[in-house]
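Let's take a walk through this model, one piece at a time. Have the sequence and the 3D view ready.

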Amino acid sequence: MLNKYPLWKNLLIVLALIFACLYAAPNLYPPDAAIQVTPARSGAEMSEAVLTKVRSALQERNIEFFGEEVTGSTALFRLTSNENQLPAKDAVQRLLGDEFIVALNLAPTTPDWLLNMGAGPMTLGLDLSGGVHFLMEVDMDDYVKSKIANYREEFRNRLREEQLKYRRIQIEDHKLRISFVDAEVRAQANSFISRTYPEFLQENEDKGEYADVVLAITEAKIKEFEDYAIKQNLTTLRNRVNELGVAEPLVQRQGRNRIVVELPGVQDTAEAKKILGKAANLEFRLEAEPGASRFQTEEYAFRNEQFRTARLEKAIIATGDSVTNAQPSFDENGFPQVNIDLDAKGGAMMTQVTRKAVKRRMAVLFVERKPKTTYELVDGVEMPKTIQIVEKSIISLATIQSTLGNSFRITGLESAEASELALLLRAGALAAPMYFVEERTVGPSLGKENIEMGINSVVLGLALVLVLMAVYYRLFGLVANVALLANIVILIALMSMIGATLTLPGIAGIVLTVGMAVDANVLIFARIREELGNGRSPQQAIHEGYNRAFITIFDANLTTLIVAVILFAVGTGPVKGFAVTLSFGIITSMFTAIVLTRAIINWIYGGRRIETLSIGGQS
Amino acid sequence: MIGATNFNFMRLRHAASILSIILIVISIGSIAVRGLNLGLDFTGGTLLEVQYETPESIERISTALENAGYRDVTVQHFGAETDVLVRMSEAFRDNLGAEVLNVLQTQSADNKLTLMRSEFVGAQVGEELRDQGGLALLLALFVVMIYVAARFQFKFSVGAVVALFHDVIIIIGLFSLFQWEFDLTVMAALLAVIGYSLNDTIVVADHIRENFRMLRRGDSEEVINYSINQTLGRTIMTSLTTALVLFALMIVGGDLIHNFAVALMIGVVVGTYSSVFVASSLLLMMKISREDLMPPEVEEVDDRP
């Protein structure tokens with residue numbers, strides 16, 4: 001029969017709508033302001049004693065709280081008032097000390113039966129929740145250079161061991177030039193290198209009196225370095241972010257050499273940057289022997305004692321990325337010390353070097369990178385130029401008591417010194433240096449304002465469109481309006497389900513969807529009117545109208561979808577949010593504007609004799 | 001009633017072409033001479049939004065910051081009189097926000113200041129975003145052209161893409177002419193306009209194709225005219241609903257997405273105009289004919305002995 005949907009189709013539509021309502025529902029429950037308490041050291045337990053302390057701290061300040069939750073080692077206290085969040089955090093932090101990290105959090109209030117279904121509210125982007133966004137760039141060039149320098153030291157040792165006589169090894173950008181005494185030795189070296197170091201491409205050159213070989217590192221190996229460095233830095237950053245105690249941080253690779261860090265709820269950027277951007281690296285080097293050549297040594301100042309300096313060898317034994325752990329502790333006599341663990345490669349180098357250097361002193365050099373802005377005249381205009389300056393200072397100079405291996409300790413420190421040194425050593429566990437290239441902070445009040453403005457524009461835009469549609473298309477307009485509302489619910493449900501992030505431009509995307517989603521209905525209704533004008537019966541007009549408009553709707557929406565996908569692929573941050581809501585909005589609107597309206601129209605008009613349609617525009 | 005119009009659009013096409021050409025010349029001229037007022041996303045630099053409890057004069061704020069040694073400072077109101085946006089080319093340092101706030105607080109001692117947001121974008125990142133945005137625009141146009149060529153016909157895709165270029169150039173031109181800030185959200189709006197305007201063009205094209213196949217009489221001009229009139233009701237209705245929601249965004253959406261809404265609003269107006277006049281009159285100019293759109297027929301071969 002014309003214009004009748006089978007029962008199963010109607011049931012399916014109803015089912016889809018019920019699902020959408022359920023999964024969109026969690027967004028109706030506003031989250032509670034809360035504070036979150038976690039032990040500073042991983043693996044530690046949350047004890048009843050600590051909970052009691054927190055309770056008493058809150059009670060002492062007359063801060064009302066409820067709904068205490070302990071999951072794993074984390075405890076969550078919900079507060080009745082948003083204004084109490086900061087004072088509560090301060091009070092609890094002061095009482096618990098550095099052993100625990102107290103963070104601000106927003107605890108969801110979604111009822112359990114919804115949570116059990118896997119439903120939850122949408123994640124809010126930083127522009128709506130307030131917080132800090134950092135983009136950090138990993139200095140790959142520098143990293144590769146340091147790797148090349150490592151290789152040079154390695155070649156010095158290996159070639160000597162293999163008794164391949166060379167005159168010198170020079171670094172040329174990302175290449176190494178080894179000069180051998182004659183072509184015969186070089187030929188032996190060629191085969192040795194291709195056997196042991198397949199990551200190098202060799203090219204022989206005869207310049208002057210020596211037989212040279214130029215070693216270029218392969219692209220594949222550089223890519224491998226990069227991936228390793230990013231991975232290592234991501235891990236380190238995650239650890240540091242954990243130190244900050246942020247509820248739901250995001251640390252993610254972006255593109256080839258960048259890392260995004262988003263910290264919702266964080267306001268103190270200075271503190272966050274201090275911890276994230278220690279931008280430090282370490283070098284372990286031997287102190288120069290008296291009378292060593294000035295070309296092989298460098299002089300550095302101490303970090304904590306301004307006027308004290310020491311002369312160190314240029315050769316680096318190990319760098320910060322070899323440090324796997326560093327912890328302050330006490331030796332058997334109760335004196336503070338720092339235990340250091342190195343990875344296999346660093347440990348091997350350490351053994352090799354220190355074997356011949358017992359009773360000499362080894363320095364730990366702290367390398368910091370800071371941006372510095374200078375001004376340059378370009379075409380008569382002063383242009384700012386940011387450069388990275390490198391500062392190196394000695395944080396420890398200790399006598400080597402015996403051959404060192406993977407694990408060793410530095411003793412003879414003050415207690416405070418030991419913990420600072422351990423902290424610095426761990427901070428050095430970045431594989432490659434990083435610097436900030438982008439930073440955005442959104443205050444919490446601005447976030448709230450943005451949400452309000454977003455909701456207002458959705459409501460206003462929606463109201464205007466609903467009125468226009470009802471006036472212009474009468475009953476059919478009302479049906480389209482039902483579809484439009486359903487579309488928003490489904491869109492929100494879909495975004496909540498896949499855990500998409502809602503941003504301000506994202507809300508703008510929803511608003512735009514409201515305006516554009518009715519297009520499908522407008523097209524259908526225009527067709528129906530046209531068919532009626534051509535003298536078809538109302539039932540036939542409905543049938544033909546839907547059928548003939550479909551292909552147009554499909555074409556038009558598909559092209560918009562293509563554009564939205566491109567936008568998603570190249571866009572960043574909030575703009576991506578716009579692309580997400582726009583594309584989902586288009587897809588869901590196809591369902592509501594075509595299938596849902598048809599079901600309702602069928603239900604109203606289908607399967608009976610009718611003379612007229614309430615679609616407006618007829619005389 | 002709108003549905004029953006019979007307006008001769010194609011007679012106006014020469015006048016419309018002249019209007020379009022003038023608009024495009026002005027746009028390109030303005031982009032070349034005045035350039036664009038690029039937002040922080042694209043230029044790099046530092047931006048701070050500060051809220052005062054009671055309004056403070058822009059000049060006083062500028063002077064205070066210049067005296068404090070900051071370079072290339074621009075200060076403007078943002079939304080409300082109490083909200084101030086400070087932009088400078090200074091690279092970000094730890095505590096720069098606190099420093100600036102301190103300078104401003106000292107100057108207006110009896111006012112209460114709050115730092116609403118701070119943004120820093122490295123020059124390198126800005127340049128990349130600029131390139132990426134431009135690339136996305138070109139990519140979108142290219143993909144769309146291929147899609148339309150495959151679904152309709154090559155002449156349609158030329159018409160559609162020229163219309164899109166027309167829309168995009170005029171929007172950028174207006175942003176340049178009035179020196180409105182062109183930031184990432186505006187770039188996103190441009191892409192959305194491409195989607196929207198194309199939507200319109202395709203609906204018209206769809207009807208043109210259908211009518212070429214169904215109406216066996218009438219020349220190309222008549223068929224196109226008829227199709228435009230047929231779709232006019234829908235075109236106006238959809239433009240109206242979209243314009244309404246954009247209007248809502250413009251008045252209550254806040255300043256962060258104001259320019260986004262403005263760009264889209266221009267896009268809706270220009271896009272509607274261009275799908276009627278630019279895309280369709282280009283079809284006439286390229287001498288679209290019934291043969292271009294007829295489904296390929298199977299030739300009857302007389303193989304009887």
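What follows covers a sheet with its helices, and then a pair of helices.

A quick word on ground rules: this is a predicted model, where local features need pLDDT of at least 70, side-chain atom pairs count only at pLDDT 80 or more, and totals for chains, interfaces and linings use all residues. Residues are numbered from 1 along each chain as its sequence is written, chains are lettered from A and ligands numbered from 1 in the order in which they are written, and side-chain values use heavy atoms, leaving out hydrogens and water.

Start with the sheet in chain A: 4 strands, in the order β2-β3-β1-β4, make an open, antiparallel sheet. Helices (H or I, at least four residues) and strands (E, at least two) are DSSP runs, numbered from the N terminus, and two strands pair if DSSP finds at least two bridges between them. At the edges sit β2 (65–71) and β4 (100–107) of chain A, each pairing on one side only. Strand β1 (residues 32–39) of chain A is joined to β4(A) by 8 bridges, and A:Asp32 stands opposite A:Ala107.

Now add the helices, taking contact as heavy atoms within 4.5 Å. Helix α2 (residues 48–60) of chain A packs on the sheet and touches β1, β2, β3 (74–79) and β4 of chain A. Helix α3 (residues 85–96) of chain A lies across β1, β3 and β4 of chain A.

Further along, α13 (residues 504–533) and α14 (residues 538–570) of chain A pack with their axes 7 Å apart; axes are lines fitted to C-alpha atoms, for helices over the stretch in contact. Among the residues that meet are A:Phe525 in α13(A) and A:Tyr546 in α14(A).

Conventions: Axes are lines fitted to C-alpha atoms, for helices over the stretch in contact, and angles run from 0 to 180 degrees between N-to-C directions.
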